[in-house]
Amino acid sequence: MKQIYFDHNATTPVLDEVFEAMTPYLKETWGNPSSIHWAGRGARGGLDTAREQVAEFLGCTTSEIIFTSSGTEGDNLAIKGVALQRRDKGKGNHIITTKVEHPAILNTCKYMEKIGFEVTYLGVDGDGMIDLEELKNAITDKTVLITIMYANNETGTLFPVKEIGEIARARRVIFHTDAVQAAGKYPLNVKELNVDLLTISGHKLYGPKGVGALFVKRGTRLVPLIHGGHHERNRRGGTENMAGIVGLGAACVAATRDMEAEVAHCKGLRDRLEKGLLEKTPHSKLNGHPTLRLPNTANISFEFIEGEGMLLNLDMLGVAVSSGSACTSGSLEPSHVLLAMGLSHEMSHGSIRFSLGRSNTEEDVDYIVEQMPPIVERIRHMSPLYDVQKQGASDLTFSDKSQMQ
Ligand SMILES: *Cc1c(COP(=O)(O)O)cnc(C)c1O
């Protein structure tokens, strides 16, 4: 069977060169990097090199990198680490974020509310964009942290990180951004971006799963989540995941080298896919910002269908896509991102995310553009709402009609 992978925002395959870099650390170079003898020194060398590679990728110094077990841990450490440290110093208990963050941010913020913090969740407009005036007005003298993502994992919408950083700096509020989806697609220079903390994850970047990094600007204090030995300058205990960390370093090197070509490749294919599907499928709509959007992401709602049904039909053709976000699939909750953008429950349920990557080809795109519209049509014919619409029984808008059930 054909296998076409259009789900790179969920995870990416490990590059050959990344795999090659990692394997010695699972076998020959097995020492503990904290040991001072020969076995430890070998591992220490690999750890130091990886830290230099990640620091270079982010435009920071090696002492500003904390290796973590995932993007999720990086987000948790940034929020809990900074917010608890600031509260303990009597600086306040208010956090600002948005309604469209990844669950790693949203659920951490919900937890912070349970332990006494106040959280402002900024809304977004129909393109998924926040309003900077609303952000400015939300900041109070109790605000200890702003955490706003760089690129949305579901729609690809990009937030103005640089401007948010300027606002935060002017008000002396610490600013963290989750840049997991932006990494490898845009240059991430933490100084130019005006950020105090920034999260990346290995497996969204053609590196391995189970490893990530958090940039913490020099002088930004945080309490650790994991207490233990003196690893990561006392900020994260635990003997380092050597193979994973070395893999993350190699993935950062590859990303910098290939970024320009990859972005052009993905954007060309993504535009072809969008144009083809929107033209050939009536009652379909592109979600996300028309221009300020990741070059690899197309999120499209098809009225009168269930995303899950579509996903299963495509899976039978060997095509891997995502409906809603991978983290919410398995539940029947519609996407919190699309709902925040004002989409009806029905339109949110009928959304499919295509996220492209290195291995995709024009043939992949043309295959989907050819195969998908008839499937949409077939599924729609099973929907009573679609028949009402086709018979022209009413000229109500779709969301009005859904309430007739
Ligand atoms: C995937 C993702 C994460 C979580 O990263 P893991 O390494 O899978 O824990 C966080 N934020 C965003 C935007 C993501 O896309």
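A residue counts as exposed here when its relative accessible area is over 50%, and as buried when that area is under 20%. By that yardstick Arg172, at 73%, is exposed. The structure it belongs to is a predicted model, and Arg172 makes a handy way into it. The residue is found in the loop between H6 and E6. Its phi is near 55 degrees, a positive value in a residue other than glycine. Most residues other than glycine have a negative phi, so this bit of backbone deserves a mention.

Stepping back along the chain from Arg172 leads into helix H6, which spans residues 161-170. Five residues of this helix are worth picking out: Val161, Ile164, Gly165, Ile167 and Ala168 are buried. Looking down the axis of H6, these buried residues fall within an arc of 165 degrees, so they line one face of the helix. The general geometry helps here: an α-helix has 3.6 residues a turn, so residues three or four places apart point the same way. As for what sits over the buried residues of H6, the cover includes helix H5 (132-138) along with two strands, E5 (143-147) and E6 (174-178).

Arg169 also has its place in H6, but it tells another story. Its relative accessible area is 39%, which lies between the 20% and 50% limits, so Arg169 is partly exposed. Leaving out residues up to four places away in sequence, Arg169 touches Asn194, Val195, Asp196 and Lys217. For a sense of scale, Arg169 and Met372 are 203 residues apart in sequence, and their C-alpha atoms are 47 Å apart in space.

Now for the ligand. Its surroundings comprise 13 residues, of which Thr72, Asp178, Gln181, Ser201 and Lys204 come nearest. Among the elements, helix H3 (residues 71-88) gives the most to this shell, with three residues. By character, the shell divides into eight polar residues, three charged and two nonpolar. Several polar side-chain atoms can be placed against the ligand atom by atom. For Asp178, such an atom lies 2.6 Å from a ligand nitrogen. For Gln181, the partner is an oxygen atom of the ligand, at 2.7 Å. Lys204 likewise has a polar side-chain atom 2.8 Å from an oxygen atom of the ligand. Taken alone the ligand exposes 380 Å², and the protein buries 90% of that.

Lys204 turns up again around Thr12. That threonine lies in the loop between strand E1 (4-5) and helix H1 (16-22). Its relative accessibility is 3%, so Thr12 counts as buried. Setting aside neighbours within four places in sequence, Thr12 is in contact with His203, Lys204, Leu205, Tyr206, Gly207 and Lys209. Two of these partners meet the threonine side chain through their backbones. The backbone oxygen of His203 lies 2.7 Å from a polar side-chain atom of Thr12, and the backbone nitrogen of Tyr206 lies 2.7 Å from a polar side-chain atom of Thr12.

Tyr206 brings the account back to backbone angles. It lies in the loop between strand E7 (197-201) and strand E8 (212-216). Phi of Tyr206 is near 65 degrees, again a positive value in a residue other than glycine. Tyr206 has a relative accessible area of 13% and is therefore buried, whereas Arg172 is exposed.

Terms used. Residues numbered from 1 in each chain as written. Predicted model: local features only at pLDDT ≥ 70, side-chain atom pairs only at ≥ 80, totals over all residues. Heavy atoms only, no water. Buried < 20%, exposed > 50% of the residue type's maximum accessible area, 1.4 Å probe, protein only. Helix = DSSP H or I, 4+ residues; strand = E, 2+ residues; numbered from the N terminus. Arc of directions from axis to C-beta. Contact = heavy atoms within 4.5 Å. Near = heavy atom within 4 Å. Polar contact = N/O pair within 3.5 Å; in protein donor to acceptor, adjacent residues only side chain to side chain. Areas by Shrake-Rupley, 256 points an atom, 1.4 Å probe, with all protein chains shown as cover. Nonpolar A, V, L, I, M, F, W, Y, C, P; charged D, E, K, R; others polar.
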